[in-house]
Amino acid sequence: MNQQEMTRLAETHPGHYSLPQVFYRDPDIYRHDIEQIFLKSWLYAGHQSEIPKVGDWFLFEFDQESVIIVRSSEHQINALVNVCQHRGSRVCVESSGCSRRLTCRYHGWTYDLEGQLRAAAHMGETFDKSGIGLKKIHVGLLGGMIYVNFAEDPAPFSLVTEGLADCLEPYGLENARVAHRQSYPIASNWKLAVENYTECYHCGPAHPEYSRGHGLAVPGVRSGELGQAVMQRAKACGLSDQSVNRFYLGAPAFGADIGYDRYPLVRDHLTGSEDGKPLAPLMGSIRDFDGGTTDLQVGPVTFGLMYCDHVVIYRFTPLGPDTSDCDITWLVRGDAQEGKDYDKEKLIWLWDVTTRADKAIIERNAQGVNSRYYKPGPLSQMEKFTWDFLSWYLAGFKNAA
């Protein structure tokens with residue numbers, strides 16, 4: 001499918017309807033998504049606590065790309081494309097490790113932690129390695145969360161940090177640590193996974209565990225008395241009472257979406273646990289539970305649930321036209337000890353059981369979308385955020401014309 005055909009489909013799409021089948025199945029549209037969205041947006045790679053020592057690294061991967069996230073000094077984190085400059089082999093093959101040099105196992109070319117080539121045997125006396133190195137891509141840090149951007153000239157990450165700094169400060173995320181991280185492969189196009197996350201229309205029927213404690217599952221609760229009470233208690237508990245809603249077509253720049261919005265927990269829940277009771281020590285400088293939680297967004301495909309005692313980061317990435325990945329990071333206060341201050345299984349329970357259910361839901365959705373009888377359907381009033389995403393997505397084809 002050529003660009004003109006993609007643009008025509010986007011321009012003739014009716015408002016507040018799901019997308020035509022071709023947007024989930026066409027390989028040319030998939031390549032457009034990679035080139036025009038994922039290689040130009042700020043993407044969550046991980047948390048700095050995962051690489052505490054110089055030489056620590058882990059891989060961030062999606063589609064056909066692999067990036068080495070490495071701590072090169074106490075205060076420096078680099079993102080190096082995992083492609084050897086000799087003949088293109090992957091340099092790092094495990095998911096994580098620690099080393100003072102990064103050596104390609106194919107022919108032994110060796111790079112330092114800045115990506116500069118340091119050793120290459122049998123290349124001859126005239127070989128000059130001074131200008132050869134692993135490609136660096138842009139890195140941004142937001143409260144210890146590591147974001148990367150492949151674009152040559154991306155949107156300034158300062159738009160993100162300045163837009164969210166005051167809201168995130170009470171959580172002390174730069175001093176948090178990863179309690180658990182898990183990947184959930186999904187047999188669907190990445191957009192179906194994001195669409196599912198951006199609406200709670202399905203929460204009541206599909207997620208009883210989530211719905212019994214979270215106000216988003218109940219229409220009107222966010223703006224009602226419970227929502228107002230949460231915002232009134234926020235400052236007394238050490239939390240921000242701001243709301244930031246600059247995402248998709250309202251983002252400060254492409255790929256630099258920011259969102260911070262609190263909403264109430266219900267039925268006396270204090271956090272995202274099975275019984276509503278606290279799971280871990282309060283984050284950062286937060287003084288008490290205010291009866292609410294926070295939706296976070298940074299970039300177009302990374303979202304967060306910020307409770308007073310832990311934070312859950314969701315990242316969606318494409319693995320292929322029909323496969324995607326949901327990566328979840330659970331953060332706790334940096335000095336919290338597993339088995340003493342929190343029970344890991346109880347900590348991850350809610351979003352593990354919810355995501356496993358979502359995986360099944362999304363895969364059934366994909367099976368139906370792949371049917372010759374599928375046609376776009378109208379969105380409900382509870383799918384406004386989904387339409388925000390879809391209208392932004394469609395605008396990308398119109399702007400590319």
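A residue is called buried when its relative accessible area is under 20%, exposed when it is over 50%, and partly exposed in between (1.4 Å probe, protein chains only). Keep that in mind as we look around this predicted model, where local features need pLDDT of at least 70, side-chain atom pairs count only at pLDDT 80 or more, and totals for chains, interfaces and linings use all residues. Residues are numbered from 1 along each chain as its sequence is written, and side-chain values use heavy atoms, with hydrogens and water left out.

**Whole chain.** Start with the full view: 10 helices and 17 strands, where helices (H or I, at least four residues) and strands (E, at least two) are DSSP runs numbered from the N terminus. Turn the model around and you will find that the C-alpha trace spans about 75 × 55 × 35 Å along its principal axes. Of the 401 residues, 54% are buried.

**Strand E10.** Now select residues 145-149, which form E10; five of its five residues are buried. Show the side chains: Met145, Tyr147 and Asn149 point one way, while Ile146 and Val148 point the other way.

**Its partners.** Next, add residues 43-47, strand E1, which pairs with E10 in the antiparallel sense over four bridges; two strands pair if DSSP finds at least two bridges between them. Look for His47 opposite Met145.

Then add residues 136-142, strand E9, also antiparallel to E10, over five bridges. Here Leu142 stands opposite Met145.

**The turn.** Finally, zoom in where E9 and E10 form a hairpin with two residues between them. Gly143 sits in this turn and has a positive phi of about 55°.
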